[in-house]
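Please look over the structure below. The report that follows takes up a helix pair and two backbone angles.

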Amino acid sequence: MSQPATPSGTTSGPPLVEVRNVSKYFGSVVSLKDISMSVHAGEVMCLLGDNGAGKSTLIKIFAGVHPPSEGTMLVEGREVKFGSPRDALDAGIATVYQDLAMIPLMSVSRNFFLGSEPTKGFGPFRRFDMARADRTTRDELAKMGIHIRDTSQPVGTLSGGERQSVAIARAVHFGAKVLILDEPTAALGVKEAGVVLRYIAQARGRGLGVIFITHNVHHAYPVGDRFTLLNRGRSYGTFRKDEVSREEVVSMMAGGEELEQLGHELAEMAHQDREAGKEMADTGRQFAEEARAVRDEGDRG
Amino acid sequence: MGAVTAEMLPMAQVNAAAPAPGPARDERVLRTSPLRSVLTRPEIGAAFGTVAIWIYFAIVAGDSGFLRLGGTATYLEVGAELGILAVAVALLMIGGEFDLSIGSIIGASGMIMALLAVEYGWTLWLAALAALGFALVVGFINGAIVVRTGLPSFIVTLATLFIIRGAIIGTTRLITGRTNLGDVDETVGYDIARRIFATRFEISTDFFGMRSEVDTGSFPISILWWLGLAALATWVLLRTRFGNWIFGAGGSPQAARNVGVPVNRVKIILFMTTAFAAWLVAMIQVITFSGADVLRGQGQEFYAIIAVVIGGTLLTGGYGSAIGAVFGALIFGMVRQGIVFAGVDADWFQVFLGAMLLIAVLINRFVRGRATESRR
């Protein structure tokens with residue numbers, strides 16, 4: 001069950017991006033130790049772990065923010081060393097950070113094209129083609145089923161889910177092959193989280209490899225194809241969805257402590273998961289039921 | 001920012017933009033009127049403030065000369081010199097940084113030019129270029145220290161403010177034994193320089209010799225420099241990639257870096273821009289007065305920040321406008337000259353200025369809150 005050898009089952013060929021035996025030290029602190037992980041095209045790889053497990057450090061290695069202290073990184077089978085986030089972007093790896101996805105005071109279309117603005121004109125008259133930016137932003141968002149009221153409104157006026165969705169649409173538009181999403185559903189309401197999960201499924205449908213970081217199994221399990229579990233900087237391994245049940249994932253993450261109280265809730269949800277493979281059309285209903293299950297649990301306890 | 005563009009496009013454009021699935025407009029929004037998009041601009045508060053202050057002085061000082069062309073020319077001249085600085089400072093502050101060193105760059109670059117031309121006999125324009133080189137290097141060093149160390153620019157440029165002021169006073173006294181220098185008008189190339197930096201345009205109402213009472217005003221070319229720079233800065237800010245990067249660098253440097261914006265380069269260029277503006281003001285002053293003084297420009301760094309903040313730019317960066325800085329500088333000029341016309345002792349000017357700053361910050365907070373929350 002240790003990972004690099006495990007084929008994803010959905011694709012052949014080398015993974016889009018892969019780390020082998022990567023470690024990261026900050027001074028005397030061991031942040032990550034001997035982690036291996038990969039993601040293929042058309043696959044959602046969920047990176048699970050509790051707070052402090054090293055998830056953020058690992059994605060910063062993928063995103064070119066930190067170089068690994070040990071180990072190698074491969075993009076489509078070739079070894080790479082990223083010196084900056086720009087290198088990772090150029091290699092087709094786009095990262096959407098939880099808090100730093102968007103700049104609140106800037107308009108939706110200015111955010112969408114920040115760093116890759118379309119221009120028209122030549123020489124000193126080369127200028128930002130705002131009309132095209134607005135049009136493209138609107139079209140790209142519509143393609144993902146997001147209907148922003150007005151692309152010139154500040155991003156700060158959007159809801160958290162809308163912001164994440166715009167960031168995902170942006171990454172897809174700019175030709176990302178690998179999409180890394182850092183806790184995109186944290187701090188979102190049930191319905192909004194469902195919307196974001198639907199976009200994740202859509203990105204997979206368009207052939208992207210998605211690395212979905214979360215500490216919420218209930219968000220990860222319905223969309224995930226494979227799961228990598230981190231705990232205190234080490235990996236418990238990577239599991240295909242057919243190898244592991246939601247309960248087992250939870251028990252590995254929670255370390256068995258809260259299992260008793262989670263048990264009832266999980267039984268309720270387990271039967272829904274078998275159908276989860278056929279995309280996320282019914283995510284909304286699932287979440288509604290989960291919410292009820294939690295409430296029932298609360299009533300009983 | 002983007003606010004004006006999209007909403008000011010004709011409907012045809014909007015329809016063409018979203019042809020296929022889904023409604024082009026969201027049913028939750030009744031209609032975003034052009035008026036609303038104007039009202040959400042950062043400079044709107046300062047624009048109303050400018051009008052209000054003009055009306056106020058027109059009433060209390062109208063018959064003592066405020067409304068005449070001569071009076072108008074005096075407050076525009078004051079506004080222009082501050083405005084050149086404020087426009088550049090606005091870009092820098094939108095980019096999330098401060099520059100307190102510009103006051104001493106004005107004194108130093110003016111004195112460098114005068115020293116080279118008067119004491120060492122350089123051609124004036126060569127001396128001016130040397131002074132420009134000095135200013136740009138200072139701007140670069142300010143920027144490099146800020147982006148390298150991550151120290152607040154407030155502190156870094158406060159340090160360079162004192163270093164440069166002290167160094168130019170010391171150097172000038174060593175060379176000349178004094179702290180000011182005249183006779184710039186006797187140097188080679190002064191006539192051309194005067195045309196570029198210090199021409200005055202006499203404008204008169206006596207166009208056809210018809211009016212009995214002739215009203216004349218002498219308008220300096222610095223007003224054109226001010227408005228030209230403001231137009232250029234506005235174009236850069238709203239219509240170029242670099243402008244978008246300025247907003248990004250100020251709004252959230254880390255987020256901007258994550259999408260590939262060269263934040264450090266943007267900030268260094270902005271520090272060089274404020275240094276350039278300080279040099280330009282120094283040129284205008286030295287040529288106009290035909291002399292340099294090491295203490296020129298004292299306090300200008302704060303006045304520039306005040307004008308920018310009155311103009312609606314956020315102290316924390318990421319939001320603001322160059323047009324707002326124009327209004328801010330205009331308000332500064334009108335108040336400074338207006339209280340003289342109104343017969344109030346000029347000592348009271350600073351009280352006005354401080355109160356205005358406070359009011360502007362409060363109004364801007366209110367306006368901005370309305371702009372971002374009302375569309376939620």
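## A helix crossing and two positive phi angles

Helix 6 of chain B passes helix 13 of chain B in a right-handed crossing, meaning that the near helix is turned clockwise from the far one by less than a right angle. Helices (H or I, at least four residues) and strands (E, at least two) are DSSP runs, numbered from the N terminus.

This is a predicted model, where local features need pLDDT of at least 70, side-chain atom pairs count only at pLDDT 80 or more, and totals for chains, interfaces and linings use all residues. Residues are numbered from 1 along each chain as its sequence is written, chains are lettered from A and ligands numbered from 1 in the order written, and side-chain values use heavy atoms, without hydrogens and water.

Two packed helices are described by the angle and the distance between their axes. The axes of helix 6 (residues 102–119) and helix 13 of chain B come within 8 Å and cross at roughly 50°. Axes are lines fitted to C-alpha atoms over the stretch in contact, with angles from 0 to 180 degrees between N-to-C directions. The two helices of chain B, 6 and 13, are therefore oblique to each other (not under 35, over 145 or 65 to 115 degrees).

Now the backbone. Most residues other than glycine have a negative phi. Two residues here have a positive one.

| Residue | Phi | Relative accessible area |
|---|---|---|
| A:D34 | near 60° | 45%, partly exposed |
| B:S290 | near 55° | 14%, buried |

Buried means under 20% relative accessible area, exposed over 50%, partly exposed in between (1.4 Å probe, protein chains only). A:D34 sits in strand 2 (residues 29–39) of chain A. B:S290 lies in the loop between helix 13 (263–289) and strand 4 (292–293) of chain B.
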